[in-house]
Amino acid sequence: MACESLRVLKQDDTLFMMNYSKQNEHLRVRFPDEACHDVFEGVWIDNMTIGHSPRRFIAAHPTILHSTKSKQNRFYKDQVAVPHQNPTNQRIKRNLANGSKGRMPYDWFYFGLVKNVSREKTVHACQFPQVLVEMLIKACMLENDIVLVLFGGSRSEIEVRQRLNHRFISAEIDPKYHRIIEDRLREGRIVTEHRLLYRLRREAFSSTLSQPQLFNNAGQYTIRFRQRVDHATWQSSTQTA
Ligand SMILES: C[S@@+](CC[C@H](N)C(=O)[O-])C[C@H]1O[C@@H](n2cnc3c(N)ncnc32)[C@H](O)[C@@H]1O
């Protein structure tokens, strides 16, 4: 797949491959290190816990292989520049006077996960944050460029590309995710039934009684429970002893 993706790229295009670090290490030495002009590695840092064990640190950093097909790879620093922190510094002042928009970003990227309570979150198990995708796209693409989103997923990447006026080609093998993409394309938004929050609430309401909360903030004995009403309201009932 990586091989075919590289084949369809233009000489100045870029291939980004985001994966768990171990899988990317295997992939890197098997293909892009040989086939690409150059391969750079970025790290997405977040409190995303990929693996726990009592005998090692928590694995929490997917990597992004940034592979270029030729020496002429396009990179638009101004579209992703990080504003200078110290604009009073003499060197920075000169850079700003010469039109600098900021410094080149480092290749470790701090972006929060798409939280379960986020409106952006669908029922897709592995959704990338749109801000991260947007940064990668802006780094090497301009309006009207064609982007191959090899794995459609929840369609969050496709949406970013549409917002930035890129054309795109995409594929998704899983029928339930494919439906999310189709519905989202048709409606122009995440359809309610595909939102994770909606699903969680629906499942919560299907169980009639939750764990009782025994005391309220005033220390009074309280019984709270969820009643099965409708999907829009959480209803609780309180009895003071
Ligand atoms: C990591 S997720 C992509 C998430 C996506 N970037 C997003 O933010 O929603 C990978 C997706 O690739 C799909 N997939 C896996 N193998 C595939 C294949 N051979 N062809 C098309 N899609 C595939 C999976 O079903 C999954 O939805």
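Q: Which way do β2 and β3 pair, and over how many bridges?
A: Antiparallel, over 6 bridges. Strand β2 covers residues 38-45. Keep in mind that this is a predicted model.

Q: Which residue in β3 is the bridge partner of Glu 41?
A: Leu 65.

Q: What about β1 and β3, how do they run?
A: Antiparallel as well. Strand β1 spans residues 14-19, and 6 bridges join it to β3. Met 18 has Ile 64 of β3 as its bridge partner.

Q: So β3 pairs with β1 and β2. Is β3 mostly covered or open?
A: Mostly covered. Strand β3 runs over residues 63-68, and 5 of its 6 residues are buried.

Q: Zooming out, how many helices and strands are in the protein chain?
A: 9 helices and 6 strands.

Q: What share of the chain counts as buried?
A: 19% of the 241 residues.

Q: And contacts, how many join residues at least 24 apart?
A: 51%, counting contacts between residues at least 6 apart in sequence.

Q: Switching to α5. Buried or in the open?
A: Helix α5 lies largely in the open, because 0 of its 8 residues are buried. The helix covers residues 90-97.

Q: What's up with Gly 99, after α5?
A: Gly 99 follows α5 and has a positive phi, near 95°.

Q: Ligand next. How many residues surround it?
A: 14. The closest are Phe 128, Phe 151, Gly 153, Ser 154 and Ile 173.

Q: How does that shell split by class?
A: Around the ligand there are 6 nonpolar, 5 polar and 3 charged residues.

Q: Now Asn 144. Where does it lie?
A: Asn 144 is in the loop between α6 and β5. Helix α6 covers 130-140, and β5 covers 146-149.

Q: Is Asn 144 buried or exposed, and why?
A: Exposed. Asn 144 has 9 other C-beta atoms within 10 Å, and a residue counts as exposed at 12 or fewer, so Asn 144 qualifies.

Q: Which residues is Asn 144 in contact with, leaving aside neighbours within four places in sequence?
A: Asn 165, His 166 and Arg 167.

Q: And Leu 164, what separates its C-alpha from that of Asn 144?
A: 8.5 Å. Asn 144 and Leu 164 are 20 residues apart along the chain.

Notes. Residues numbered from 1 in each chain as written. Predicted model: local features only at pLDDT ≥ 70, side-chain atom pairs only at ≥ 80, totals over all residues. Buried ≥ 20, exposed ≤ 12 C-beta atoms within 10 Å, placed from the backbone. Helix = DSSP H or I, 4+ residues; strand = E, 2+ residues; numbered from the N terminus. Near = placed C-beta within 6 Å. Nonpolar A, V, L, I, M, F, W, Y, C, P; charged D, E, K, R; others polar. Pairing = 2+ DSSP bridges. Contact = placed C-beta atoms within 7 Å.
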